[in-house]
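Before this structure is discussed further, here is a note for a colleague who has not met it before. The points below may be read with the structure open alongside.

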Amino acid sequence: SGLASDTAMVLAAGLGKRMRPLTAAQPKPLVRVAGKSLIDYSLEKLEGAGVGKAVVNVHYLSDALEAHLKTRRTALQITISDERAQLLETGGGMVKAAPLLPDPFFCLNSDNIWLDGPRDVFTELSDAWDADRMDALLLVVPHVRAMNYKGKGDFYLDPEGRVSRRRSGRIAPFIYTGIQLVSHRLLRDAPEGPFSTNLLWQRAIEEGRIYGISHTGVWFEVGDPAAIPVTEAFLSRG
(Lines give C-alpha, C1' and ligand atoms only; values in the text may rest on other atoms or scores of the structure.)
Protein backbone atom coordinates (compact mmCIF):
# COMPACT_ATOMS: atom_id res chain seq x y z
CA SER A 1 0.00 0.00 0.00
CA GLY A 2 1.24 3.50 -0.66
CA LEU A 3 0.81 4.47 2.97
CA ALA A 4 3.32 6.53 4.93
CA SER A 5 2.94 4.19 7.91
CA ASP A 6 1.62 0.71 8.71
CA THR A 7 0.63 1.71 12.27
CA ALA A 8 -1.90 4.00 13.92
CA MET A 9 -2.22 5.09 17.51
CA VAL A 10 -5.87 5.16 18.59
CA LEU A 11 -6.48 7.46 21.57
CA ALA A 12 -9.02 5.66 23.79
CA ALA A 13 -8.05 6.50 27.37
CA GLY A 14 -10.19 9.56 28.13
CA LEU A 15 -12.92 9.82 30.78
CA GLY A 16 -15.67 10.73 28.30
CA LYS A 17 -17.18 13.37 30.60
CA ARG A 18 -19.12 15.14 27.85
CA MET A 19 -20.75 11.82 26.95
CA ARG A 20 -22.29 11.27 30.39
CA PRO A 21 -24.53 9.54 31.40
CA LEU A 22 -23.64 7.04 28.64
CA THR A 23 -20.08 6.79 29.98
CA ALA A 24 -21.03 6.11 33.61
CA ALA A 25 -20.69 2.35 33.08
CA GLN A 26 -18.76 2.10 29.80
CA PRO A 27 -15.80 3.91 28.28
CA LYS A 28 -16.64 6.39 25.51
CA PRO A 29 -15.03 4.25 22.75
CA LEU A 30 -17.67 1.57 23.47
CA VAL A 31 -20.65 3.93 23.19
CA ARG A 32 -22.72 2.67 20.26
CA VAL A 33 -23.81 4.66 17.24
CA ALA A 34 -26.08 2.87 14.77
CA GLY A 35 -25.37 -0.40 16.58
CA LYS A 36 -21.59 -0.12 16.37
CA SER A 37 -19.09 0.92 19.04
CA LEU A 38 -17.41 4.25 18.29
CA ILE A 39 -13.92 2.73 18.29
CA ASP A 40 -14.98 0.14 15.69
CA TYR A 41 -15.65 2.91 13.17
CA SER A 42 -11.99 3.96 13.45
CA LEU A 43 -10.63 0.41 13.47
CA GLU A 44 -12.67 -0.58 10.41
CA LYS A 45 -11.43 2.49 8.51
CA LEU A 46 -7.85 1.59 9.38
CA GLU A 47 -8.37 -1.97 8.17
CA GLY A 48 -10.04 -0.79 4.98
CA ALA A 49 -7.12 1.51 4.18
CA GLY A 50 -4.59 -1.28 4.69
CA VAL A 51 -3.08 -0.03 7.96
CA GLY A 52 -1.91 -3.26 9.62
CA LYS A 53 -1.37 -2.33 13.25
CA ALA A 54 -3.10 -0.28 15.92
CA VAL A 55 -1.74 0.80 19.29
CA VAL A 56 -4.69 1.62 21.59
CA ASN A 57 -4.12 3.47 24.86
CA VAL A 58 -6.46 2.61 27.74
CA HIS A 59 -7.20 4.12 31.15
CA TYR A 60 -10.89 4.63 32.00
CA LEU A 61 -12.82 1.32 32.34
CA SER A 62 -9.93 -0.26 30.51
CA ASP A 63 -10.90 -3.88 31.21
CA ALA A 64 -14.13 -3.47 29.23
CA LEU A 65 -12.28 -1.84 26.36
CA GLU A 66 -9.57 -4.52 26.26
CA ALA A 67 -12.21 -7.28 26.37
CA HIS A 68 -14.02 -5.67 23.43
CA LEU A 69 -10.81 -5.42 21.40
CA LYS A 70 -10.05 -9.10 22.06
CA THR A 71 -13.44 -10.22 20.75
CA ARG A 72 -13.15 -8.33 17.47
CA ARG A 73 -12.36 -10.63 14.56
CA THR A 74 -9.97 -8.39 12.78
CA ALA A 75 -7.02 -8.23 10.45
CA LEU A 76 -5.58 -5.45 12.61
CA GLN A 77 -2.80 -6.39 14.99
CA ILE A 78 -3.80 -4.52 18.17
CA THR A 79 -1.35 -3.62 20.94
CA ILE A 80 -2.44 -2.00 24.21
CA SER A 81 -0.57 0.98 25.67
CA ASP A 82 -1.56 0.71 29.33
CA GLU A 83 -2.27 3.99 31.12
CA ARG A 84 -4.22 2.46 34.01
CA ALA A 85 -1.76 3.96 36.51
CA GLN A 86 -2.11 7.53 35.21
CA LEU A 87 -4.18 9.20 32.50
CA LEU A 88 -1.53 10.89 30.34
CA GLU A 89 -3.74 13.00 28.02
CA THR A 90 -3.15 13.06 24.27
CA GLY A 91 0.47 14.21 24.25
CA GLY A 92 1.62 12.09 27.18
CA GLY A 93 -0.21 9.12 25.70
CA MET A 94 1.69 9.42 22.42
CA VAL A 95 5.02 9.76 24.24
CA LYS A 96 4.36 6.65 26.36
CA ALA A 97 3.38 4.65 23.26
CA ALA A 98 6.28 5.97 21.15
CA PRO A 99 8.47 2.84 21.57
CA LEU A 100 5.62 0.85 19.96
CA LEU A 101 5.22 3.28 17.06
CA PRO A 102 7.20 3.57 13.81
CA ASP A 103 8.22 6.94 12.37
CA PRO A 104 5.91 8.37 11.13
CA PHE A 105 2.65 7.01 12.57
CA PHE A 106 -1.02 7.85 12.17
CA CYS A 107 -2.83 9.05 15.29
CA LEU A 108 -6.59 9.28 15.68
CA ASN A 109 -9.24 9.78 18.30
CA SER A 110 -11.34 6.73 19.12
CA ASP A 111 -14.63 8.67 18.88
CA ASN A 112 -14.34 9.62 15.22
CA ILE A 113 -16.92 8.87 12.58
CA TRP A 114 -16.28 10.02 9.05
CA LEU A 115 -17.14 9.19 5.47
CA ASP A 116 -14.28 9.21 3.01
CA GLY A 117 -14.15 11.31 -0.10
CA PRO A 118 -12.92 9.75 -3.36
CA ARG A 119 -9.94 8.26 -1.46
CA ASP A 120 -9.52 7.20 2.14
CA VAL A 121 -8.02 9.70 4.55
CA PHE A 122 -4.91 7.63 5.30
CA THR A 123 -3.98 7.56 1.62
CA GLU A 124 -4.66 11.32 1.37
CA LEU A 125 -2.41 12.04 4.36
CA SER A 126 0.30 9.72 3.03
CA ASP A 127 0.33 11.41 -0.38
CA ALA A 128 0.69 14.86 1.19
CA TRP A 129 3.35 13.79 3.71
CA ASP A 130 6.83 15.32 3.44
CA ALA A 131 9.09 14.19 6.29
CA ASP A 132 11.69 16.85 5.51
CA ARG A 133 9.23 19.70 6.03
CA MET A 134 6.67 18.28 8.45
CA ASP A 135 6.54 17.23 12.08
CA ALA A 136 2.79 16.64 11.82
CA LEU A 137 0.15 16.67 9.11
CA LEU A 138 -3.40 17.25 10.36
CA LEU A 139 -6.59 16.23 8.63
CA VAL A 140 -8.91 19.23 8.94
CA VAL A 141 -12.43 19.75 7.65
CA PRO A 142 -14.35 22.89 6.58
CA HIS A 143 -17.49 23.79 8.54
CA VAL A 144 -19.79 22.74 5.69
CA ARG A 145 -18.58 19.12 5.97
CA ALA A 146 -18.51 18.99 9.78
CA MET A 147 -21.79 17.52 11.00
CA ASN A 148 -23.05 18.34 14.54
CA TYR A 149 -20.21 20.85 14.92
CA LYS A 150 -21.14 24.15 16.58
CA GLY A 151 -17.74 25.64 17.41
CA LYS A 152 -15.67 28.45 15.88
CA GLY A 153 -13.11 26.26 14.12
CA ASP A 154 -9.50 25.55 15.08
CA PHE A 155 -7.11 26.46 12.30
CA TYR A 156 -6.23 28.46 9.22
CA LEU A 157 -4.14 26.99 6.40
CA ASP A 158 -1.82 29.16 4.33
CA PRO A 159 -1.49 28.53 0.55
CA GLU A 160 1.22 25.88 1.19
CA GLY A 161 -0.95 24.14 3.79
CA ARG A 162 0.90 25.44 6.86
CA VAL A 163 -1.29 25.52 9.96
CA SER A 164 -1.93 28.46 12.26
CA ARG A 165 -4.38 28.75 15.15
CA ARG A 166 -7.74 30.49 15.29
CA ARG A 167 -7.39 34.00 16.65
CA SER A 168 -9.47 35.09 19.60
CA GLY A 169 -12.93 36.33 18.69
CA ARG A 170 -12.64 35.07 15.13
CA ILE A 171 -14.00 32.14 13.15
CA ALA A 172 -11.38 29.80 11.66
CA PRO A 173 -12.32 27.96 8.46
CA PHE A 174 -11.00 24.52 9.46
CA ILE A 175 -11.82 22.11 12.27
CA TYR A 176 -9.40 19.42 13.43
CA THR A 177 -10.88 15.99 12.75
CA GLY A 178 -8.85 14.14 15.36
CA ILE A 179 -6.76 12.42 12.66
CA GLN A 180 -3.11 13.19 11.98
CA LEU A 181 0.16 11.77 10.67
CA VAL A 182 2.97 12.35 13.15
CA SER A 183 6.76 12.29 13.04
CA HIS A 184 8.70 11.24 16.14
CA ARG A 185 10.38 14.63 15.76
CA LEU A 186 7.16 16.20 17.08
CA LEU A 187 7.64 14.26 20.36
CA ARG A 188 11.24 15.31 21.03
CA ASP A 189 12.08 16.82 24.45
CA ALA A 190 8.51 16.20 25.58
CA PRO A 191 7.55 16.87 29.20
CA GLU A 192 7.09 14.05 31.69
CA GLY A 193 3.61 12.87 32.61
CA PRO A 194 0.23 14.14 31.35
CA PHE A 195 0.08 16.94 28.77
CA SER A 196 -1.89 17.94 25.69
CA THR A 197 -0.65 17.50 22.12
CA ASN A 198 -1.35 21.24 21.78
CA LEU A 199 1.97 21.87 23.51
CA LEU A 200 3.88 20.01 20.78
CA TRP A 201 1.74 21.50 18.03
CA GLN A 202 2.50 25.02 19.30
CA ARG A 203 6.24 24.51 18.89
CA ALA A 204 5.70 23.02 15.42
CA ILE A 205 3.52 26.00 14.43
CA GLU A 206 6.28 28.38 15.54
CA GLU A 207 8.81 26.37 13.51
CA GLY A 208 6.51 26.24 10.47
CA ARG A 209 6.54 22.43 10.56
CA ILE A 210 2.87 21.59 11.03
CA TYR A 211 0.67 21.30 7.95
CA GLY A 212 -2.92 20.41 7.21
CA ILE A 213 -5.00 19.00 4.37
CA SER A 214 -8.73 19.39 3.98
CA HIS A 215 -10.96 16.31 4.27
CA THR A 216 -12.98 15.75 1.10
CA GLY A 217 -15.69 13.69 2.79
CA VAL A 218 -18.02 14.27 5.72
CA TRP A 219 -16.97 14.24 9.37
CA PHE A 220 -19.17 13.90 12.45
CA GLU A 221 -18.56 15.47 15.83
CA VAL A 222 -19.93 12.89 18.28
CA GLY A 223 -19.20 14.81 21.44
CA ASP A 224 -22.30 14.33 23.54
CA PRO A 225 -25.38 12.07 23.68
CA ALA A 226 -27.49 14.52 21.64
CA ALA A 227 -25.17 14.07 18.64
CA ILE A 228 -25.84 10.33 18.43
CA PRO A 229 -29.41 10.25 16.99
CA VAL A 230 -28.50 13.02 14.52
CA THR A 231 -25.47 11.06 13.34
CA GLU A 232 -27.50 7.83 13.12
CA ALA A 233 -30.13 9.55 10.98
CA PHE A 234 -27.47 10.89 8.63
CA LEU A 235 -25.72 7.50 8.34
CA SER A 236 -29.01 5.69 7.68
CA ARG A 237 -29.61 8.00 4.69
CA GLY A 238 -26.34 6.68 3.30
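**Points on the loops, the fold and selected residues**

1. P21 sits in the loop between β1 (7–11) and β2 (32–33), and the peptide bond that leads from R20 to P21 is cis, with omega near 5°. Please keep in mind here, and throughout, that this is a predicted model.

2. A second cis peptide bond to consider runs from D103 to P104, where omega is near 0°; P104 belongs to the loop between α3 (89–97) and β6 (105–109). Most peptide bonds are trans, so both places deserve a look.

3. Two residues other than glycine should be checked for their backbone angles. L61, in the loop between β4 and α2 (62–71), has a positive phi near 50°, and with a relative accessibility of 34% L61 counts as partly exposed, because buried would require under 20% and exposed over 50%. N148, which is found in the loop between β9 (146–147) and β10 (155–157), likewise has a positive phi, near 70°. Most residues other than glycine have a negative phi.

4. As for the chain as a whole, 6 helices and 14 strands are present, and the C-alpha trace spans about 45 × 40 × 40 Å along its principal axes. A compact globule of 238 residues would have a radius of gyration near 18 Å, and the chain agrees with this because its own value is 17 Å. Of these 238 residues, 50% count as buried.

5. How much of the contact between residues at least 6 apart in sequence joins residues at least 24 apart? The share is 74% in this chain. On the outside, the chain exposes about 10700 Å², of which carbon and sulfur atoms supply 51%, while the mean positions of the 28 positive and 28 negative charges are 5 Å apart.

6. L138, in strand β8 (residues 136–142), is a useful residue to inspect, and it counts as buried because its relative accessibility is 0%. Leaving aside neighbours within four places in sequence, the contacts of L138 include L125, F155, Y176, W201 and Y211. The C-alpha atoms of L138 and Y211 lie 6.2 Å apart in space, although 73 residues separate the two in sequence.

7. V55 and S81 can be read together, since V55 touches S81, as well as T7, A8, M9 and V10 among others, when residues up to four places away in sequence are not counted. V55 lies in strand β4 (residues 53–58) and S81 in strand β5 (residues 77–82). Both are buried, V55 with a relative accessible area of 2% and S81 at 3% relative accessibility. On the same basis for neighbours, S81 touches V55, V56, N57 and V58, and also K96, A97 and L100. By contrast, the C-alpha atoms of V55 and L88, which are 33 residues apart along the chain, are separated by 15 Å.

8. Helix α1 (residues 38–49) has 12 residues that should span 16 Å at 1.5 Å a residue, and its end C-alpha atoms, 18 Å apart, agree with that expectation. Which residues of α1 are buried? They are L38, I39, D40, Y41, S42, L43, L46 and A49. An α-helix has 3.6 residues a turn, so residues three or four places apart point the same way. Just after α1, G50 takes a positive phi of about 90°.

Terms used:
Residues numbered from 1 in each chain as written. Predicted model: local features only at pLDDT ≥ 70, side-chain atom pairs only at ≥ 80, totals over all residues. Heavy atoms only, no water. Helix = DSSP H or I, 4+ residues; strand = E, 2+ residues; numbered from the N terminus. Rg over C-alpha atoms; globule rule 2.2 N^0.38 Å. Buried < 20%, exposed > 50% of the residue type's maximum accessible area, 1.4 Å probe, protein only. Contact = heavy atoms within 4.5 Å. Areas by Shrake-Rupley, 256 points an atom, 1.4 Å probe, with all protein chains shown as cover. Lys, Arg positive; Asp, Glu negative; His and termini not counted. Charge placed at Lys NZ, Arg CZ, Asp CG, Glu CD. Expected span 1.5 Å × (residues − 1).
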